[in-house]
Amino acid sequence: MSALLAPDQLENSRVAHELLRLKLRVPIVHYLTDIHPKPLRLRWRQLHGESPPNGKLPDSVRPFITSARKLADLSTFVALYNRLDEGDGRIVTAAMLLSVWEVHARLAQDCLDINAAWYAIRDVRSRIVSWQRCARCQAMFIYEPDVSQARSCPFCRLARARG
């Protein structure tokens with residue numbers, strides 16, 4: 001007979017299940033929860049009826065920034081995470097990622113890729129990309145001079161496009 005999981009292990013397992021349900025890549029869930037990849041891959045197959053995706057993960061959030069709208073969504077997610085996180089401001093936790101994802105999903109118009117959201121948080125916190133305040137509208141956004149879509153405030157660009 002196997003031993004029961006401790007309450008913190010049970011919560012970690014629940015959060016991992018939810019992140020896999022949202023299609024967060026197995027290596028990222030493993031990194032966040034420290035659950036071995038084999039049971040995570042099995043759970044993915046149970047949830048989605050297919051094997052988890054293989055292949056190299058992106059190095060950063062950069063490939064996910066394909067438009068002003070995507071940059072605005074990612075920047076909004078990072079701002080929510082920063083506002084709701086009660087941790088030390090450096091570590092991205094699985095539980096906080098899931099919690100902020102649920103809040104963002106209630107507020108956002110578009111469906112954001114949870115993998116992109118994780119990379120955005122990680123990259124801003126580790127300063128792989130910059131977190132900058134717009135001089136015009138004062139909104140915070142992901143700034144990356146090497147990505148054409150991330151060289152200026154996405155909120156101002158979207159507002160100009162509507163006007």
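Helix H1 gives the most to the lining of the largest pocket, with six residues. Keep in mind as you look around that this is a predicted model.

So what else helps build that pocket? Helix H1 covers residues 7–21 and helix H3 covers 37–48, and each of the two supplies at least two residues of the lining. The pocket's volume comes to about 230 Å³. There are 13 lining residues, and the closest to the centre are Ser 13, Ile 35, Pro 39, Leu 40 and Arg 43. As for their chemistry, the lining splits into seven nonpolar residues, five polar ones and one charged one.

Now turn to the second largest pocket, with a volume of about 150 Å³. Its lining is made of Tyr 31, Leu 32, Arg 90, Ile 91, Val 92, Arg 122, Arg 125 and Ser 126. Which helices give two or more residues here? They are helix H2 (26–33) and helix H6 (114–125). This lining has four nonpolar residues, one polar and three charged.

One of those lining residues, Arg 125, is worth a stop. You'll find Arg 125 in helix H6. Is Arg 125 buried or exposed? With a relative accessible area of 18%, Arg 125 counts as buried because the cut-off for that label is under 20%. The side chain of Arg 125 also has a partner: a polar contact of 3.1 Å joins it to the side chain of Asn 82.

Next, the aromatic rings. How many aromatic pairs turn up in a search of the whole structure? The search finds five. A pair like this is described by how far apart the ring centres are and by the angle of the planes. Here are two of the pairs, with both values for each.

| Aromatic pair | Centre to centre | Angle between planes | Arrangement |
|---|---|---|---|
| Trp 118 and Tyr 119 | 5.0 Å | 75° | edge-to-face |
| Phe 141 and Tyr 143 | 6.5 Å | 85° | edge-to-face |

Why do these pairs get the edge-to-face label? They get it because planes over 60 degrees apart count as edge-to-face, and the angles are 75° for Trp 118 and Tyr 119 and 85° for Phe 141 and Tyr 143.

How about their surroundings? Trp 118 is buried at 6% relative accessibility, and Tyr 119 is buried too, at 2%. In the other pair, Phe 141 is buried at 2%, whereas Tyr 143 is partly exposed, with a relative accessible area of 23%. Trp 118 and Tyr 119 also belong to an aromatic cluster, together with Tyr 31 and Phe 64. You have already met Tyr 31, which is part of the lining of the second largest pocket.

Finally, the cysteines. How many disulfides does the structure hold? The count is zero. Take Cys 137: the closest cysteine sulfur to its own belongs to Cys 153, 3.7 Å away, and that is too far for a bond because a disulfide needs the two sulfurs within 2.5 Å. Cys 156 is in no disulfide either, and its nearest cysteine sulfur, in Cys 134, is 3.7 Å away. As for their settings, Cys 137 is partly exposed, with a relative accessible area of 35%, while Cys 156 is buried at 9% relative accessibility.

Notes:
Residues are numbered from 1 along each chain as its sequence is written. This is a predicted model: local features need pLDDT of at least 70, side-chain atom pairs count only at pLDDT 80 or more; totals for chains, interfaces and linings use all residues. Side-chain values use heavy atoms; hydrogens and water are left out. Buried means under 20% relative accessible area, exposed over 50%, partly exposed in between (1.4 Å probe, protein chains only). On a 1 Å grid over the protein atoms alone, a cavity is a set of points where a 1.4 Å probe fits but cannot get out, and a pocket is an open set with protein on both sides within 12 Å along at least five of seven lines; lining residues have an atom within 4 Å of a point. Grid points are joined across faces, edges and corners, and a volume is the space filled by probe spheres set on the points. Helices (H or I, at least four residues) and strands (E, at least two) are DSSP runs, numbered from the N terminus. Ala, Val, Leu, Ile, Met, Phe, Trp, Tyr, Cys and Pro count as nonpolar, Asp, Glu, Lys and Arg as charged, and the others, Gly among them, as polar. Rings of Phe, Tyr and Trp (its six-membered ring) pair if their centres lie within 6.5 Å; planes under 30 degrees apart count as stacked, over 60 as edge-to-face and the rest as tilted. A polar contact is a pair of N or O atoms within 3.5 Å; within protein, one must be able to donate a hydrogen and the other to accept it, and residues adjacent in sequence count only if both atoms are side-chain atoms.
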